[in-house]
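Visitor: I would like to learn how backbone angles and burial are read together in a model. Could you take me through some cases?

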Amino acid sequence: MSGPHPVPPGAPQASGPRSVAAAGGIDVAITGDGARVVMLPPEAVRWAREVNAPPGAANLPGSASGMFVGRGRELARLRELLAREGEAAVTPSSSRTRAIHGLGGIGKSSLALRYAHEYRTEYTLVWWITAESAEQITTGLAALALRLCPHWAAAVGVPERAAWAILWLQWHPGWLLVFDNVEDPKDLRHCLGALPDGHHLATSRKATGWHDIAPTMALGLLDPDASADLLCALALGPGQSPTGEQRRQAEDLAAELGYLPLALEQAGAYLYQTGTELGAYRRLLGRVVDRAADGTDPERTIARVWNHTLSAIEGRDPLAARLLHTMAWLAPDDIFRTLLAPVAPDPVALGDALGVLHAYNMIAFTADRQGLTVHRLVQTVLRIRATAESPTAVRGWQEAEQGLCQAMPDADAVAPERDARWERLLPHIFALAESAPPDRPASSQLADLYQDAAHHLDRQGRNADSVPLRTAVVAHRERVLGDTHPATLTSRNNLAGAYEDAGDPGRAIPLFESTLAQRERVLGDAHPATLRSRNNLALAYSEAGHVERAIPMFEATLAQREQVLGDTHPATLTSRNNLALAYKRVGDLERAIPLCETTLAQREQVLGDAHPETLTSRNNLARAYRAAGDLARAIALSETALAQSERVLGDTHRDTLTLRNNLAGAYVAAGEPARAVPLYEATLAQREGLLGPTHPATLRTRANLAIAYEKAGDPARAMPLYESAVADFERVLGDTHPDTVAARKNLAAARRDAQAVRRSGAALASPGSPGRRTAPPAAEPSPPDRCDYHSR
């Protein structure tokens, strides 16, 4: 029946919506809000009081024998929170009730299941209830009646069984109820209000709505080491220890999967079943994220787990779903709200929609609450779904593109403000470029954004990082303007320069060659752009160790620039600088030094004393003096140039690192390795961070540091660097490159010295010995004129 139901004086009282009160002689169960009465016969009430649960009674959905790593502290904390209270009746905020919330796949159910298994002997009964709706909770309680009193429960309906289960739980304290995947926390009120004598443990994807229901415990991602342990254990099988390479691949894959336990388990099971290599799974991620291995629940793949959440979000607030799809194409961290303006220009509507996403743990707020983060695997799933739905009208892509283009820094803004804006945008620009669907080419507006971002990187001395952006610009220019349009040739030249700065001459040289050939045909042999291409190709040849091919091109370019542009034009000075470097590289110091001196004097006059190109000339003249044995002048010039570069370009600019490397080399040549070591160590750390551990410039600094260590009397630190330098040079530059040859000679000499020491039992003579090492090369040029003119 329905309607208010009067409670007689002295009768048991129930408080809270849908809680139940019961007493020994009654034959009814009354809901706490008086909305419903369930009739129970006296014998059923008696059985609820008299039937005991068998020892260890439980209905847990799985065993505790599976992998469980990295959650020891959370398990202990959960036990502490549930066990720490007296015998008082449960209230909505009692510590006997605990809700675990977090992103789907974070391991909430696994933690709850592990807790239930770990402590099942502490409870009279452990009962697991799927709790996505009030109806499911009722059904889960009804199943308890079927388990404990089947002879009666089999003949009655679900409401009567659920009411009987509540009566039984009231009569028999000390149980644990687990409510898994609660969608609406209010659905638990009737249980919590009626059942004070046990523990309630709930899991939920929702972080909000619990404040007046139960305390919550947020569950985070696994830590990186635990994630890699889990992947290796699952993928390789019992008793198998990973190799160093497998461990590294596991760490990389764990990061790609965002340390999400369900994704790690899914990947490990798939890898074990199929024999797929750990590294290959990363490349296949988009195709296997919805695949389940044999013996695992197909509905428990990460993609399908999230489908339920995404459907719930779509139904509750379509704007929230649009925002999430937009964020799928951006970087996962620090998504600032203005990027979402094309989707939600109204700040109130934006706040409401973000609140929905936060409630479902699909996003998190940064510490200042102004930025957003989204799990990278959520992004992967959304991108896969969006591309499958429509390869051309990809959901969220256009909105992400519009947000980035609208957020571009103003070209007229002051440099610090403009640069700070670019730095915050860059991760999102790269994410959009690298995740672009194959059938979604960049628009003209987006190509311009990529080009401007690449120019910012070049100004910062990080042109090597611009390869993905410049690649997208070339593809756009070719498609829209044609293969030989001047802007296409410019973008192709700039991409070649980025490849060269990234230490990839194998890709740079063919691009420079084709651009030069096309410019000669389209613009003519003496056009300034053609001369730039010829200069750039000569530089690439020189950097690749083919100086004999570079010198005639440098000489021809210098002669043409002198004729076309004049003797002191900046481009002419660049050609003179580059030709001098080529002469120095082949040991022709008689021609190199005068050219370096002339170029430096002209650049000081034309460009100023502290212009970056003037600093380059000062560095290159110092290199020439050093090669000629004039170390006093070399060191003085290098020290001046480094101090100016640190002031003008900054401490970590590419040219500053070159100057620091070269000053260290001059100190070594002057017999002062103790002054060189800290400079090399600092340069190596910065180059590894900016350029990567295998960039040629990084390898040169590492090889030079080995020489400095040995000359400083520390061969134990030198030998591993010598060995790694040879291996890396061979792999990156090839077996016959001059740097590889020099590194190999230095390693052989170091080994001979070490053998001599072992035979004689004596140490090397003194710091500064041996004196025959040749750095590969210790001093480096930093020639400009790589980027072409930047027209749109």
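Visitor: Is N181 buried or exposed?

Guide: In this predicted model, N181 counts as buried, because its relative accessibility is 13% and the cut-off for burial is under 20%. N181 sits in the loop that runs between β6 (175–180) and α7 (189–194).

Visitor: What is the phi of N181?

Guide: As a general idea, most residues other than glycine have a negative phi. Here N181, which is not a glycine, has a positive phi, near 65°. D334, also a residue other than glycine, has a positive phi near 55°, and its place is in the loop between α13 (318–327) and β9 (335–336). With a relative accessible area of 28%, D334 is partly exposed.

Visitor: Where does G734 take its positive phi?

Guide: G734 comes just after α31 and has a positive phi of about 100°. The helix before it, α31 (residues 715–733), has 19 residues and reaches 26 Å from its first C-alpha to its last, close to the 27 Å expected at 1.5 Å a residue. Among the buried residues of α31 are M719, Y722, F729 and L733.

Visitor: Which residues is V668 in contact with, leaving aside its neighbours within four places in sequence?

Guide: Those residues are P673, A676, Y680, I707, A708 and K711. V668 itself lies in helix α28 (residues 654–669) and is buried, with a relative accessible area of 12%. The C-alpha atoms of V668 and N704 are separated by 9.3 Å, although the two residues are 36 apart along the chain.

Conventions. Residues are numbered from 1 along each chain as its sequence is written. This is a predicted model: local features need pLDDT of at least 70, side-chain atom pairs count only at pLDDT 80 or more; totals for chains, interfaces and linings use all residues. Side-chain values use heavy atoms; hydrogens and water are left out. Helices (H or I, at least four residues) and strands (E, at least two) are DSSP runs, numbered from the N terminus. Buried means under 20% relative accessible area, exposed over 50%, partly exposed in between (1.4 Å probe, protein chains only). Contact means heavy atoms within 4.5 Å. The expected span of a helix is 1.5 Å times one less than its number of residues.
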